[in-house]
Amino acid sequence: MKVTDIRIGMLRVPLKTPFKTALRTVDTVEDIVVMVHTDSGHVGFGEAAATAVITGDTHGSMIEAIRKCIRPRLIGADVADLNRNTRIVQTALERNFSAKAAVEIALYDLFGQLYGAPLYKLLGGGDPVITTDITISVDYIDKMVADSLSAVERGFESLKIKVGKDIGLDIERVKAIYAAVEGRALLRLDANQGWSAKQAVYAMQALEDAGVQLELLEQPVKAQDIRGLKYVTDRVHTPVMADESVFGPTEVIDLIKMHAADIINIKLMKTGGLSNAIRIADIASLYGVECMIGCMIETSISVAAAVHLAVAKSEVITKVDLDGPSLCRYDPVDGGVIFNESEISIVDAPGLGIREVRGLEMLEE
């Protein structure tokens, strides 16, 4: 099975409600979809989100990176030679992590199809059912409380609360939500780089003193402020998780050695795909550090790859934040993984199990 072509399409799926964080507001998934074609007729699917404020990737930059730099190097490649193919993707150009992720996901999909097995089995196996949290967007307190209660009633046992807009209001938001759902759901707090280190310590100490128990605090400070991240980690009881501060394996090693965070958030759009995500999970496992698997605003194409990884690396990936498809008004994918509110299950089909993507707009060159 050899690669004959790589084609690109645009997928647009409206969200149920706007997704609001300290960094941005999004109301529609607008991702590129990559289809890697082979001489056997098999097609591998991949997806990438344009999250310029985090990864620097835009639709235009991803399309050009794939067409001009990655595709020419992969034409004729043997799908079985996975390590060589992922190395080609990673060395084709600098950064451009989301573009690389889309192609890598499709290559891993084909690898599973080649050997007739679901991807997670080729990555090590595991229980093909996992449970995700759901995001509560930053908003008015009453709206966030109502959204939290609705999520709990739908069976979600972990809520990811977005804050980082206003330190005083953030504290009140979290107190109100905690009071409403206490004992029924765990709260994960995500400031999306919205606080300074001192603000983060102030907020967390205020919440902890008020008896609010949080499962974790995610990325309270700017991505580049590793010392600030460590400052917070050293001064609060709640475990601190690094997200935007860590993209690749080297950064993870540095962060762990500095004791700058307690948990690492792995996202395929940051790591450039599965190969580096696997390395990060293995590194964290060696150091005894837990990981979360997360996603951007993505559909079930790329999230499926993250699900397979989470299942295969469940000993170190202990937390799951793969709610992107649950936030969409509909699932444009036939096959793949099955999303049923908080429960995500993998179908017993080769690769990612994706048969078709509906509503795809093919992009002409």
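A residue is called buried here when its relative accessible area is under 20%, exposed when that area is over 50%, and partly exposed in between (1.4 Å probe, protein chains only). By that yardstick Lys-160 is buried, because its relative accessibility comes out at 2%. The model is a predicted one, so local features are reported only at pLDDT of at least 70 and side-chain atom pairs only at pLDDT 80 or more, while totals for chains, interfaces and linings use all residues. Numbering runs from 1 along each chain as its sequence is written, and side-chain values rest on heavy atoms, with hydrogens and water left out.

Lys-160 sits in strand 6 (residues 158–162); helices (H or I, at least four residues) and strands (E, at least two) are DSSP runs, numbered from the N terminus. Contact means heavy atoms within 4.5 Å. Setting aside neighbours within four places in sequence, Lys-160 is in contact with Asp-133, Ile-134, Thr-135, Ile-136, Arg-188, Asp-190, Glu-218, Asn-265 and Asp-321. The last of these, Asp-321, belongs to strand 12 (residues 317–321) and is likewise buried, at 2% relative accessibility. The side chains of Asp-321 and Lys-160 make a polar contact at 2.6 Å. Such a contact is a pair of N or O atoms within 3.5 Å; within protein, one must be able to donate a hydrogen and the other to accept it, and residues adjacent in sequence count only if both atoms are side-chain atoms. Beyond four places in sequence, Asp-321 also touches residues including Thr-132, Met-292, Ile-293, Gly-294 and Cys-295.

Both residues turn up in the UniProt record: its unreviewed entry lists Arg-24, Thr-135, Lys-160, Cys-295, Ile-297, Asp-321 and Asp-323 under "binding site". The lining of the largest cavity takes in Arg-24, Thr-135, Lys-160, Cys-295, Ile-297, Asp-321 and Asp-323 from that set. UniProt positions follow the numbering used here, feature names are shortened, and annotations may be inferred rather than shown by experiment. A cavity is a set of points, on a 1 Å grid over the protein atoms alone, where a 1.4 Å probe fits but cannot get out; lining residues have an atom within 4 Å of a point.

On to the helices. Helix 7 (residues 197–209) has 13 residues, which at 1.5 Å a residue should span 18 Å, and its end C-alpha atoms are indeed 18 Å apart; the expected span is 1.5 Å times one less than the number of residues. Its buried residues are Ala-197, Ala-200, Val-201, Ala-203, Met-204, Leu-207 and Glu-208. They share one side of helix 7, because they cover an arc of only 165° around the axis, the arc being that of the directions from the helix axis to the C-beta atoms. Lys-198, Tyr-202 and Asp-209 are exposed on the other side of helix 7. The buried residues pack against helix 6 (167–181), strand 7 (186–190), strand 8 (216–218) and helix 8 (226–235).

Helix 9 (residues 249–258) buries Pro-249, Val-252, Leu-255 and Ile-256. These fall within an arc of 120° seen down the axis of helix 9, so they line one face. Thr-250 and Lys-257 are exposed on the other side of helix 9. Just after helix 9, His-259 takes a positive phi of about 55°.

Ser-245 lies in the loop between strand 9 and helix 9. With a relative accessible area of 7%, Ser-245 is buried. A polar atom of the Ser-245 side chain lies 2.8 Å from the backbone oxygen of Ala-223.

Note on methods
On a 1 Å grid over the protein atoms alone, a cavity is a set of points where a 1.4 Å probe fits but cannot get out, and a pocket is an open set with protein on both sides within 12 Å along at least five of seven lines; lining residues have an atom within 4 Å of a point.
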